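Work through the exercises below with the structure open beside the text. Try each task before reading its solution.

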Amino acid sequence: MGDMENPLIKLQDLASFLEQGSFDDNMRQLAEMAAKILSSENCSLMLLNDGEMENLRMRVCASYGPLPAAAYKESTRKGEGIAGRVVSTGKALLIDDINQSEFAQWARRANDPRKSLISSPITINGRIIGVVNISGHLKGRTFNMDDLCLLDVVALFIGKAIQVVQLQNI
């Protein structure tokens, strides 16, 4: 239980997260919390826009850690790239080595020796609203299924936190 104790304590902080500032500030805080819970250097939160299901696109709305500025300008369709796959399947994704995967063309950090990443859908009331992406494990190791399961739980908390922010803004 020793290794899991620390993430569980960090999950308590995420569970008690209540918005204090702007939506953008809250999203950045959620990205930072998620990265720290998963002992990673990088986290990005991508949210779907409103519209017809066939035309939905995702954009990065917040990140923690280095992220190229171009990433904020890009939008991703359902089924396109890593996040698009997560949205279209509704399932979390574990990639051991981005360069050795079908997603190599979408690698953002070519010079980072840590090639593993994980992604999970963010849901509200069973509906996917976005994706949380985690990369760059602080210990340099490859992410594993335990990390992916923990990210699934973190993604649920992120969805609930976003829902609370939306409800408070009504």
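The model is predicted. In it, Met 58 stands opposite Thr 76 of strand E3. The exercises start from this pair.

**Exercise 1. The sheet**

Task: Find the strands paired around Met 58 and Thr 76, then place them in the sheet and list the helices that pack on the sheet.

Solution:
- Step 1. Strand E2 (residues 57-64) pairs with E3 in the antiparallel sense, over 2 bridges.
- Step 2. The open sheet has 6 strands, in the order E3-E2-E1-E6-E5-E4, with antiparallel pairing.
- Step 3. Strand E3 (76-77) and E4 are at the edges, each with a single partner strand, so one side of each has no neighbour in the sheet.
- Step 4. Helix H2 packs on the sheet and touches E1, E2 and E6. The direction of H2 makes about 70 degrees with that of E2.
- Step 5. Helix H4 (residues 81-89) also packs on the sheet, in contact with E1, E2, E3, E4, E5 and E6. The direction of H4 makes about 140 degrees with that of E6.

**Exercise 2. Strand E5**

Task: Name the strands that pair with E5, and decide whether E5 is largely enclosed or left open.

Solution:
- Step 1. On one side, strand E4 (residues 93-95) is joined to E5 by 3 bridges, and the two run antiparallel. Ile 95 has Leu 117 as its bridge partner in E5.
- Step 2. Strand E6 (residues 127-137) pairs with E5 over 8 bridges, again in the antiparallel sense. Here Leu 117 stands opposite Ser 135 of E6.
- Step 3. Leu 117 therefore has a partner in E4 as well as one in E6.
- Step 4. Of the 8 residues of E5 (residues 117-124), 7 are buried, so the strand is largely enclosed by the rest of the structure.

**Exercise 3. Two positive phi angles**

Task: Where are Ser 39 and Asn 125, and is each one exposed or partly exposed?

Solution:
- Step 1. Ser 39 is in the loop between helix H2 (23-37) and E1. The phi of Ser 39 is near 50 degrees, a positive value in a residue other than glycine.
- Step 2. With 27% relative accessibility, Ser 39 counts as partly exposed.
- Step 3. Asn 125 is in the loop between E5 and E6. These strands form a hairpin with 2 residues between them, and Asn 125 takes a positive phi near 50 degrees there.
- Step 4. Asn 125 has 64% relative accessibility and counts as exposed.

**Exercise 4. Cysteines and a buried serine**

Task: How many disulfides does the structure hold, and why does Cys 43 not bond to Cys 61? Which residues does Ser 44 touch?

Solution:
- Step 1. A search of the whole structure gives 0 disulfides.
- Step 2. The closest cysteine sulfur to that of Cys 43 belongs to Cys 61, at 9.6 Å, which is too far for a bond. The cut-off for a disulfide is a pair of sulfur atoms within 2.5 Å.
- Step 3. Cys 43 is buried, at 2% relative accessible area, whereas Cys 149 is partly exposed, at 44% relative accessibility.
- Step 4. Ser 44 lies in strand E1 (residues 40-48) and is buried, with a relative accessible area of 10%.
- Step 5. Leaving aside residues up to four places away in sequence, Ser 44 touches Val 60, Ala 62, Ser 63, Val 131, Val 132 and Asn 133.

Terms used:
Residues are numbered from 1 along each chain as its sequence is written. This is a predicted model: local features need pLDDT of at least 70, side-chain atom pairs count only at pLDDT 80 or more; totals for chains, interfaces and linings use all residues. Side-chain values use heavy atoms; hydrogens and water are left out. Buried means under 20% relative accessible area, exposed over 50%, partly exposed in between (1.4 Å probe, protein chains only). Helices (H or I, at least four residues) and strands (E, at least two) are DSSP runs, numbered from the N terminus. Two strands pair if DSSP finds at least two bridges between them. Contact means heavy atoms within 4.5 Å. Axes are lines fitted to C-alpha atoms, for helices over the stretch in contact, and angles run from 0 to 180 degrees between N-to-C directions.
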